[in-house]
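Have your viewer ready and the cartoon display switched on. We will start with the whole chain and then move in, one selection at a time.

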Amino acid sequence: MAGDRTDKIHDRVRLVLGIDAIDKIPSNLLYGKIDDLQRRIAEDALCIEGSASLVVSGGTVSEPSGFFRFKQIVLGTGSKIQPTELDVNEYDALTRISPSTTGAEEFFKRWGGTLTFYSLDNGTYTAFLYKVPSTNVSTTVDPETPQTFDLAIEYGTVAELAPLVGGMEIAGNYYALYEKEFRRALNAWRRTKDKGFSIYYHDF
């Protein structure tokens, strides 16, 4: 059932932190920390994927829901590009120094929910994305990250919350457990992919 994974993580964290933590760590704080961990894992593991239709006009398009990074954009010719994200200052400096040239390496910036491309022509494109979670966990909503990462989320949540109840030694131990479990889960998840990770990101 939806929410079962979240409930299991929640209850196991409570068990480690002990009954004395209930007053100091309300459930909304615990669920928020689970959200933080699933987002961190999604960013580090690139384990949530999706697609979106980009309607580019004047070099800009609204940022797709949950967007973290482009895997690739399919152009009208059937060729594919993987734009490089620059921060706002780097992008603005690039446009001052070098005029946009069609066919050049593609760059983009994000600002206020808008993506601005350096040289991408107006048109509609299919984009394949790496995403971050777009929903918050609850008793009825599970993490969007693959289930193989649930134990890493549990360990990370304990590590983050233990200092709030004076559990500094527990925090240190569980940070180490988190790092070990994250690597194990990442390797296990990679083996479920059709292609080796060495070509997984640059997938075109």
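Helices (H or I, at least four residues) and strands (E, at least two) are DSSP runs, numbered from the N terminus. With that in hand, follow the protein chain from the N terminus: its elements run α-α-α-β-β-β-β-β-α-β-β-β-α-α, giving six helices and eight strands. This is a predicted model, in which local features need pLDDT of at least 70 and side-chain atom pairs count only at pLDDT 80 or more, while totals for chains, interfaces and linings use all residues. Residues are numbered from 1 along each chain as its sequence is written, and side-chain values use heavy atoms, with hydrogens and water left out.

Next, select residues 150-161, helix H5. Ten of its twelve residues are buried (under 20% relative accessible area, with a 1.4 Å probe and protein chains only), so H5 is largely enclosed by the rest of the structure. Colour some of the buried ones, including Ile153, Tyr155, Val158 and Leu161. What covers them? Among the elements in contact (heavy atoms within 4.5 Å) are helix H1 (4-17), H3 and H6.

Now show H3 (residues 27-45) together with H6 (residues 168-190): they pack at an angle of about 50 degrees, with axes 12 Å apart. The axes are lines fitted to C-alpha atoms over the stretch in contact, and angles run from 0 to 180 degrees between N-to-C directions. That makes H3 oblique to H6, that is, outside the ranges under 35 (roughly parallel), over 145 (roughly antiparallel) and 65 to 115 degrees (roughly perpendicular).

Finally, turn on side chains: Leu37, Arg40, Ile41, Asp44 and Ala45 in H3 meet Tyr178, Phe182, Leu186 and Trp189 in H6.

Notes
The expected span of a helix is 1.5 Å times one less than its number of residues. Buried means under 20% relative accessible area, exposed over 50%, partly exposed in between (1.4 Å probe, protein chains only).
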